[in-house]
Amino acid sequence: MQMKVYPFKIPKPVDEHLIVQIDKEPLFYNRLHQHEEIQISYIINGTGKLLVGDSIHQFSIGDIYVIGSNLPHIFKSIPGELNAHMVTIFFTENTFGVDFFKLPYFKDLQSFFLNSNCGFKVLSGKKQTSDSILKLSSQDKLERFVTFLKLLALLSTVTIEPLSKFIYSKTLTSNEGERLQVIFDFVFKNFQKPIALKEISKMAFMTPNAFCRFFKQRTNKTFFQFLIELRVEHACQLLSSKNELNINLISDLSGFNSISNFNKKFKKIKGVTPTQYQQSIFI
């Protein structure tokens, strides 16, 4: 499926309100985009990094995410690893009518819509949730409608982890989206190397000061905060792998210029040292 950066329109078949999309490709689409629809995505295969709003996360097999309306995001697969396979449900609060979800019958679903604003990862009830998502891809319209409502009810009660702290209230312009896409593409490919502010500003066709304001206003953090978080999340993936890499090598492979700086930044973001994080994974 061809993806556009901003705005991205979800292809809608005639007479279909609830959209179920199956992505099965060597890599996920890797494009920064946002759309009006809320999406519920189940990762069947694939690993990589997920950028949502102002935050970076790892994604892996079995993960389930809810991404809110107009919340910018990218699924960035790790090349050369597992083929990407994801089932996604797209819908809006008005999919079944402007006031449908405002009916008193759906009062208990309001927590789902509130939590979706910042996006969230499902932590409990994953088997039941994933089974419902998979059912939707093969059901007829009436069965799909019933299963979907049950799925929302379930997602209103599960334990979740918020994905972003920054709620997007507007659609970014095409120009803003293109600039951010260039920035993110470059950073994802080069975060293991030193990146100078002057270099990245030039890529966005801005002065360093203008670039810093632009990036902070649209991501809720400074460029270097974003870069450090990306490096730390990459380090987490390496620490979680079974390759048994030592901490010094992981620090180098994640773009840190010294082991002391790596330990300091990692603990500030994760609350534990890299060694403690690694030990907790393999207990």
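Over how many bridges do β2 and β7 pair, and in which sense, parallel or antiparallel? In this predicted model, β2 and β7 pair over seven bridges in the antiparallel sense. Within this pairing, Gln39 stands opposite Phe90 of β7. Strand β2 is also joined to β5, by four bridges, and these two strands likewise run antiparallel. Here Ser41 has Tyr65 of β5 as its bridge partner. Of the eight residues of β2, six are buried, so the strand is largely enclosed by the rest of the structure.

Residue Ile40 of β2 illustrates the surroundings of this strand. Apart from neighbours within four places in sequence, Ile40 is in contact with Ile64, Tyr65 and Val66, with Val87, Thr88, Ile89 and Phe91, and with Phe112, Ile133, Leu151, Leu152 and Leu155. Ile40 is also one of the residues with the most contacts inside the largest nonpolar core, which has 26 residues. The others in that group are Ile89, Phe91, Phe101, Phe112, Phe148 and Leu152. Strands β2 (38–45), β5 (64–67), β7 (84–91) and β8 (120–122) each give two or more residues to this core, as do helices α1 (110–116), α2 (126–136) and α3 (141–155). The largest share, six residues, comes from α3. A second core, separate from this one, has 23 residues, including Phe184, Phe188, Phe191 and Leu230.

An open sheet of three strands is also present, with the order β4-β3-β6 and antiparallel pairing. Strands β4 (55–59) and β6 (73–77) stand at its edges with a single partner strand each, so one side of each has no neighbour in the sheet. On average, neighbouring strands of this sheet are turned by 20° against each other, direction ignored. Strand β3 (residues 48–52) is joined to the antiparallel β6 by five bridges, and Leu51 has Ile74 in β6 as its bridge partner. Helix α4 (residues 174–190) packs on the sheet and touches β3 and β6. The direction of α4 makes about 30° with that of β6.

Aromatic pairs were searched for over the whole structure, and 25 were found. Phe100 and Phe106 form a tilted pair, at 4.8 Å centre to centre and with 40° between the planes. Both Phe100 and Phe106 are buried. The rings of Phe101 and Phe113 have centres 5.0 Å apart and planes at 55°, and this pair is therefore tilted. The pair links distant parts of the chain, with Phe101 in the loop between β7 and α1 and Phe113 in helix α1, 12 residues apart. Phe101 counts as buried at 3% relative accessibility, and Phe113 is buried with a relative accessible area of 4%. Ring pairs link these four residues, Phe100, Phe101, Phe106 and Phe113, into a cluster with Phe91, Phe96, Phe112, Phe120, Phe145 and Phe148. Among the members of this cluster, Phe91, Phe101, Phe112 and Phe148 are also listed with the residues that have the most contacts inside the largest core.

The corresponding search for salt bridges finds six in the whole structure. Asp131 forms one with Lys127, the closest N and O atoms being 2.7 Å apart. These two residues are four apart in helix α2, so about one helical turn separates them. Asp131 is partly exposed, with a relative accessible area of 32%, whereas Lys127 is exposed, at 59%.

Two further salt bridges link distant parts of the chain. The side chains of Arg218 and Glu176 meet at 2.8 Å, N to O. Arg218 lies in helix α6 (residues 208–219) and Glu176 in helix α4, 42 residues apart. Arg218 and Glu176 are both buried. Helix α4 thus takes part in this salt bridge through Glu176 and also packs on the three-stranded sheet. The side chains of Glu233 and Lys270 meet in a salt bridge at 2.6 Å, N to O. Glu233 belongs to helix α7 (residues 223–240) and Lys270 to helix α9 (residues 259–270), 37 residues apart. At 8% relative accessibility Glu233 counts as buried, while Lys270 counts as partly exposed at 31%.

Key:
Residues are numbered from 1 along each chain as its sequence is written. This is a predicted model: local features need pLDDT of at least 70, side-chain atom pairs count only at pLDDT 80 or more; totals for chains, interfaces and linings use all residues. Side-chain values use heavy atoms; hydrogens and water are left out. Two strands pair if DSSP finds at least two bridges between them. Axes are lines fitted to C-alpha atoms, for helices over the stretch in contact, and angles run from 0 to 180 degrees between N-to-C directions. Contact means heavy atoms within 4.5 Å. A nonpolar core is a set of buried Ala, Val, Leu, Ile, Met, Phe, Trp, Tyr and Cys residues joined through side-chain atoms within 4.5 Å. Buried means under 20% relative accessible area, exposed over 50%, partly exposed in between (1.4 Å probe, protein chains only). Rings of Phe, Tyr and Trp (its six-membered ring) pair if their centres lie within 6.5 Å; planes under 30 degrees apart count as stacked, over 60 as edge-to-face and the rest as tilted. A salt bridge is a side-chain nitrogen of Lys or Arg within 4 Å of a carboxyl oxygen of Asp or Glu.
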